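Please walk through this structure one step at a time. Keep the sequence beside the 3D view as you read.

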Amino acid sequence: MSEIEVGRNILEANQTMADRFRRRFAEQGVKVLNLISSPGAGKTSVLEKTLTRLDGRLNCAVIEGDIQTDEDARRVAACGVPAVQIQTQGACHLDGPMISEALEALDLGSLDLLIIENVGNLVCPVDFDLGEDMKVAVLSVTEGDDKPSKYPALFRAAGVLLVNKIDLLPYIDCDLERIHDTCRALNPKQKVFDISCRTGEGLKDWVAWLESWVKG
Amino acid sequence: MHELSIAQSLLGIVLQEAARHGVSRVTKVAVKIGALASVVPSSLTFSFDMIKEGTVAAEAVLEIEQVPAMGVCHACGAEMDMSGLVAACPACGSKDIELSSGQELYVDHIEAE
């Protein structure tokens, strides 16, 4: 009987790929966001509104992750932006090999910003680095103000939080301050924007911040 | 929810290490998992036991050590439990605190014959 020291990260294969992507993105001068939320929080609506408001001032592309259908890629493509759909066929998150395949369809050198819309899931995508510069969390107020404390991993890891559907606040029992307080405790450096994709409230500030972040 | 894909990566590492060291039977696989790693130990064990059949690790017992979520205060150096929400250092009140453990997900060692 012998004991063999291992000391290896279980997700090392994914991490190695992510590190390679990150170097490639930096070389090509493209900033990359990994957009994460639960299903129905409004990730694709955020993308549509953001891309429309950017109005071509940044060269963007989108990688869409869904369990099935290419509906989201078609919605994004309708904004005039190249969109590559990944269908995970059941997998609950995107990982390195899926991104590797999607990148082959994109001309990274011509891009300023690549947004990866992850599979709708508040838990699993957080563990899989895709080589992004920053994770962006979307939380809709209809999900409840307890979600950041119940699913802290995403809200701790996200550099930006978009609190969506704030036009519905008068009709529901959601304490927006509780969301802000919890997220501030989890990640004091997080940038927070309260938005409504439906009314457009807050989108101007978010898009202005995004534009300066990409150019900065 | 993704314990099966984690179990597949884990088994891959175990089989690589077994081959590298020329062992024919792995009896134990010791992993360390942080309390904040979003991995459920019982689900990981279930998935690992399901896929280890027919490999040199077929009889391996998965031993999971859970690493607590701890933080450190950059202002006063105090260590604190980070398993709940911590907005400020309980010792000095500084908000300049950082996770020091709790996100681990690695194979520590294996035992083999």
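Start with two strands of chain A that run parallel: strand 7 (residues 160–164) and strand 8 (residues 191–194). Four bridges join them. This is a predicted model, so every position discussed here comes from a prediction. Look at Leu162(A). Its bridge partner in strand 8 of chain A is Phe193(A). Now add a helix to the picture. Strand 7, helix 7 and strand 8 of chain A together form a right-handed β-α-β unit.

Stay with Leu162(A) a little longer. Which residues does Leu162(A) contact, leaving aside its neighbours within four places in sequence? They are Val46(A), Val136(A), Val138(A), Phe193(A), Ile195(A) and Trp206(A). Phe193(A), the bridge partner of Leu162(A), is thus also on this contact list.

Leu162(A) also has a place in the largest nonpolar core, which holds 58 residues. Five of its members touch the most other members: Val62(A), Ile115(A), Ile116(A), Ala137(A) and Leu162(A). A second, separate core has 27 residues. Among them are Ile10(A), Leu10(B), Val29(B) and Val107(B). Names from both chains appear in that list.

Next, step back to chain A as a whole. Its secondary structure comes to eight helices and eight strands. Of its 216 residues, 46% are buried. The C-alpha trace spans about 65 × 45 × 35 Å along its principal axes. How does the radius of gyration of chain A fit a compact globule of 216 residues? Such a globule would have a radius near 17 Å, and chain A has 18 Å, which agrees. Contacts reach far along the sequence too. Take those in chain A between residues at least 6 apart: 74% of them join residues at least 24 apart.

Now turn to the place where the two chains meet. Here 25 residues of chain A are in contact with 24 residues of chain B. Two elements of chain A give two or more residues to its side: strand 1 (2–9) and helix 7 (176–186). Strand 1 of chain A supplies the largest share, eight residues. Helix 7 of chain A is also the helix of the β-α-β unit. By class, the chain A side has 14 nonpolar, six polar and five charged residues.

The chains also share strand pairing. Strand 1 of chain A pairs with strand 6 (residues 105–112) of chain B in the antiparallel sense, over six bridges. One bridge partnership here links Glu5(A) with His109(B).

Key:
Residues are numbered from 1 along each chain as its sequence is written. Chains are lettered from A and ligands numbered from 1 in the order in which they are written. This is a predicted model: local features need pLDDT of at least 70, side-chain atom pairs count only at pLDDT 80 or more; totals for chains, interfaces and linings use all residues. Two residues are in contact if their C-beta atoms, placed from the backbone, lie within 7 Å. Ala, Val, Leu, Ile, Met, Phe, Trp, Tyr, Cys and Pro count as nonpolar, Asp, Glu, Lys and Arg as charged, and the others, Gly among them, as polar. Two strands pair if DSSP finds at least two bridges between them. A nonpolar core is a set of buried Ala, Val, Leu, Ile, Met, Phe, Trp, Tyr and Cys residues joined through C-beta atoms within 7 Å. A residue is buried if 20 or more other C-beta atoms lie within 10 Å of its own, exposed if 12 or fewer, and partly exposed in between; C-beta atoms are placed from the backbone. The radius of gyration is taken over C-alpha atoms; the globule rule is 2.2 Å times the number of residues to the power 0.38. A crossover is right-handed if, with the strands pointing away from the viewer, the path from the first strand over the helix to the second runs clockwise.
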